[in-house]
Amino acid sequence: MSKLVIVGTVAFDAIETPFGKTDKILGGAATFIGLAASQFNVDGAIVSIVGGDFPKDDLKMLEEKGMDISGLEVVEDGKTFFWSGKYHNDMNTRDTLITDLNVLADFNPKVPENYRDAEVVMLGNLHPLVQLSVIEQMDSPKLIVLDTMNFWMDSALEELMSVIAKVDVITINDEEARQLSGEYSLVKAAHKIMEMGPKYVVIKKGEHGALLFSDDDVFFAPALPLEEVFDPTGAGDTFAGGFTGYLAKTGDYSYNNMKNAIINGSALASFCVEKFGPERLLKLSNSEVHQRLQQFKSLTQFDIKLT
């Protein structure tokens, strides 16, 4: 089993969807990534920052889930990053109501010494210079996965391009892939992005699944049809945690094994949306995960007679 370094926010969220609303609850990219990766019992470390207002019980929970938090800095006289958003009826679009960077504004990530030899690095959505700083602290990782968004394409494109040139896999949604590449066709977009540096491109399409591109190969993983979606917050990060957690567990970074990682990430993301925040992930059992993977298999497996 390989070590996994997870970089991203550990935060507070306040969420409103057509199904209800929450006060401040646990959130943040690194939280969702870490909880998803913990399903594979990986040796993972979270690199992030919180304020003195962050509950000690939540720090303890991350440790109990098997995450090393020695790289999670606590600024006792500071406040934790806070995001508030409201989702529209289609659950695919949302309005950001509040973004308080707080301690994140001065975040200088420090990867613990005993994790600098990690084989897998998951760079959650943060400023590209923060992501670059983490890459520079690592020895020789075998797989660096990058998550980013259109905000950084608009505000820090040059720095983002420097990071993209150094990673093996980039995960973005279809809208972001089109913006980054200037191509409408996702096939053309993926190939243009691969020319920027990554060997693999994962394009997330929300309720319509995910695409994995490598050279001339394409793999499509559907999203599991769900009766109810309560909160999409963190689903993309949960997908990334399942994807990298599975790869770290298996130590196989081939294209064929990435197909398995995509399915595992999609399965875990399908749980995430069933409750607000990370609530569903916190109570997830191995048997539930196995059953959902079986559902994915049934969804995609069929016999066809070719004439």
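Phe19 is partly exposed, with a relative accessible area of 43%, in this predicted model. Its ring has a partner in Phe230, which is also partly exposed, at a relative accessible area of 24%. The model holds 5 aromatic pairs. In the one formed by Phe19 and Phe230, the ring centres are 5.0 Å apart and the planes meet at 45°, a tilted arrangement. What does this pair tie together? Phe19 sits in the loop between E2 and strand E3 (20-21), while Phe230 belongs to the loop between E15 and helix H8 (235-250), so the pair links parts of the chain that are 211 residues apart in sequence.

Another of the aromatic pairs joins Phe151 and Trp152: it is edge-to-face, with 4.8 Å from centre to centre and 80° between the planes. Phe151 is partly exposed at 46% relative accessibility, whereas Trp152 is buried, with a relative accessible area of 14%.

Here are the two pairs side by side.

| Aromatic pair | Centre to centre | Angle between planes | Arrangement |
|---|---|---|---|
| Phe19 and Phe230 | 5.0 Å | 45° | tilted |
| Phe151 and Trp152 | 4.8 Å | 80° | edge-to-face |

**Thr9 and helix H1**

Let us move to the loop between strand E1 (3-7) and strand E2 (11-17), where Thr9 is found. Is Thr9 buried or exposed? At 9% relative accessibility it counts as buried, because the cut-off for that class is under 20%. A polar atom of the Thr9 side chain lies 2.9 Å from the backbone nitrogen of Ala29. Beyond its neighbours within four places in sequence, Thr9 touches Gly27, Gly28, Ala29, Ala30 and Thr31, and also Ser48, Phe81, Leu104 and Leu126.

Some of those partners lead straight to helix H1. This helix covers residues 29-37 and is mostly covered itself, with 9 of its 9 residues buried. They are Ala29, Ala30, Thr31, Phe32, Ile33, Gly34, Leu35, Ala36 and Ala37.

Ala30, which lies in helix H1, has 0% relative accessibility and so counts as buried. Setting aside neighbours within four places in sequence, its contacts are Ile6, Gly8, Thr9, Val10 and Ile46. The C-alpha atoms of Ala30 and His290 are separated by 24 Å, and the two residues are 260 apart along the chain.

**Helices H11 and H5**

Helix H11 runs over residues 286-300. How far apart should its ends be? At 1.5 Å a residue, its 15 residues should span 21 Å, and the end C-alpha atoms are indeed 21 Å apart. Within H11, the residues Val289, Arg292 and Phe296 are buried. Viewed down the helix axis, the buried residues of H11 fall within an arc of 65°, so they line one face. A general point helps here: an α-helix has 3.6 residues a turn, so residues three or four places apart point the same way. The buried residues of H11 pack against helix H9 (255-272). Turned away from that buried side is a face carrying the exposed residues Ser287, Gln291 and Ser298.

Helix H5, at residues 157-164, has Leu160, Val163 and Ile164 as its buried residues. Down the axis of H5 these fall within an arc of 100°, so they too line one face of their helix. Which elements do the buried residues of H5 pack against? Among the helices they meet are H3 (128-137), H4 (150-155) and H6 (174-181), and the strands are E10, E11 (143-147) and E12 (169-173).

**Two loop residues with positive phi**

Most residues other than glycine have a negative phi. Asn102 has a positive phi, near 50°. Asn102 is in the loop between strand E9 (94-100) and strand E10 (120-123), and its 33% relative accessibility makes it partly exposed. Asp215 also has a positive phi near 50°. The loop that holds Asp215 runs between strand E14 (210-214) and strand E15 (217-221). With a relative accessible area of 55%, Asp215 is exposed.

**The annotated region**

Finally, the UniProt record, an unreviewed entry, places the feature "domain: Carbohydrate kinase PfkB" at residues 2-278. Over that stretch the chain is 34% helix and 27% strand, and the end C-alpha atoms lie 25 Å apart.

Methods
Residues are numbered from 1 along each chain as its sequence is written. This is a predicted model: local features need pLDDT of at least 70, side-chain atom pairs count only at pLDDT 80 or more; totals for chains, interfaces and linings use all residues. Side-chain values use heavy atoms; hydrogens and water are left out. Helices (H or I, at least four residues) and strands (E, at least two) are DSSP runs, numbered from the N terminus. The expected span of a helix is 1.5 Å times one less than its number of residues. Buried means under 20% relative accessible area, exposed over 50%, partly exposed in between (1.4 Å probe, protein chains only). The arc is that of the directions from the helix axis to the C-beta atoms. Contact means heavy atoms within 4.5 Å. A polar contact is a pair of N or O atoms within 3.5 Å; within protein, one must be able to donate a hydrogen and the other to accept it, and residues adjacent in sequence count only if both atoms are side-chain atoms. UniProt positions are given in the numbering used here, feature names are shortened, and annotations may be inferred rather than shown by experiment. Rings of Phe, Tyr and Trp (its six-membered ring) pair if their centres lie within 6.5 Å; planes under 30 degrees apart count as stacked, over 60 as edge-to-face and the rest as tilted.
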